Amino acid sequence: MIVILPFVLLNFIFLYYIRYSFMDQKVEIFICMGSSCFSRGNKENHRRIVQYVKSNNLESKISFRGKHCVGKCAEGPIIIVNGQEYTKVAPEDIMYILSTEFKKD
Ligand code: FES
């Protein structure tokens with residue numbers, strides 16, 4: 001009994017930490033605002049991301065920032081969501097990318 005109780009307590013603390021330490025994490029979105037990506041679709045992609053976030057009340061759950069050219073213009077427009085790089089992103093892809101990302105919670 002003496003050995004089991006600390007193990008149960010440690011297990012509870014560990015699970016509590018795992019559960020709540022990830023709750024406040026935001027979905028981090030970077031959009032390449034370099035001239036190539038911007039002119040080839042990220043202007044509209046930016047508008048759609050803002051629209052998606054507003055219409056789903058996700059303002060407090062995301063960090064959305066622009067980036068300078070990430071050096072992959074030929075693969076643009078580039079959007080990076082939680083470290084996952086999406087290339088040749090068309091405006092029609094935004095809904096799928098974001099809804100997939102927010103379903104991971
Ligand atoms: S402008 Fe986006 S990768 Fe160069």
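Okay, let's start with one residue: Ser63 is exposed, with 11 other C-beta atoms within 10 Å. On the cut-offs, a residue counts as exposed if 12 or fewer other C-beta atoms lie within 10 Å of its own, buried if there are 20 or more, and partly exposed in between, with C-beta atoms placed from the backbone.

Before I go on, this is a predicted model, where local features need pLDDT of at least 70, side-chain atom pairs count only at pLDDT 80 or more, and totals for chains, interfaces and linings use all residues. Residues are numbered from 1 along each chain as its sequence is written.

Back to Ser63, which sits in strand S2. Helices (H or I, at least four residues) and strands (E, at least two) are DSSP runs here, numbered from the N terminus. Who does Ser63 touch, leaving aside its neighbours within four places in sequence? Its contacts are Lys26, Glu28 and Ile29, where contact means that the two C-beta atoms, placed from the backbone, lie within 7 Å. Take Ile29: Ser63 is 34 residues from it in sequence, yet 6.0 Å away in space, C-alpha to C-alpha.

Now the whole chain. There are 3 helices and 4 strands, and from the N terminus they run α-β-α-β-β-β-α. Of the 105 residues, 16% count as buried.

So how are the strands ordered in the sheet? The 4 strands make an open sheet, S2-S1-S3-S4, with mixed pairing; two strands pair if DSSP finds at least two bridges between them. S2 (62–67) and S4 (84–86) are at the edges with a single partner strand each, so one side of each has no neighbour in the sheet. From one strand to the next, the twist averages 20°.

Let's look at two of the pairs. S1 and S2 run parallel, joined by 6 bridges, and Val27 stands opposite Ile62 in S2. The chain gets from S1 to S2 through H2, in a right-handed β-α-β crossover. Right-handed means that, with the strands pointing away from the viewer, the path from the first strand over the helix to the second runs clockwise. S1 (residues 27–32) and S3 (residues 79–81) run antiparallel, with 3 bridges, and here Ile29 stands opposite Val81.

On to the helices. H2 (residues 35–55) packs on the sheet, touching S1, S2 and S3, and its direction makes about 150° with that of S1. For these angles, axes are lines fitted to C-alpha atoms, for helices over the stretch in contact, and the values run from 0 to 180 degrees between N-to-C directions. H3 (residues 94–103) lies across S1, S3 and S4, at about 10° to S3.

Where does H2 bend? The bend is at Gly41, by about 70°, taken as the angle between axes fitted to the seven residues ending there and the seven starting there. Gly41 is also one of the buried residues of H2, and so are Cys37 and Ile49. Their cover includes S1, S2, S3 and H3.

Last, some backbone details. The bond from Gly76 to Pro77 is cis, with omega near 0°, and Pro77 is in the loop between S2 and S3. Asn82, in the loop between S3 and S4, has a positive phi of about 50° although it is not a glycine. Lys88, in the loop between S4 and H3, has a positive phi too, about 45°, and Lys88 is exposed, with 12 other C-beta atoms within 10 Å.
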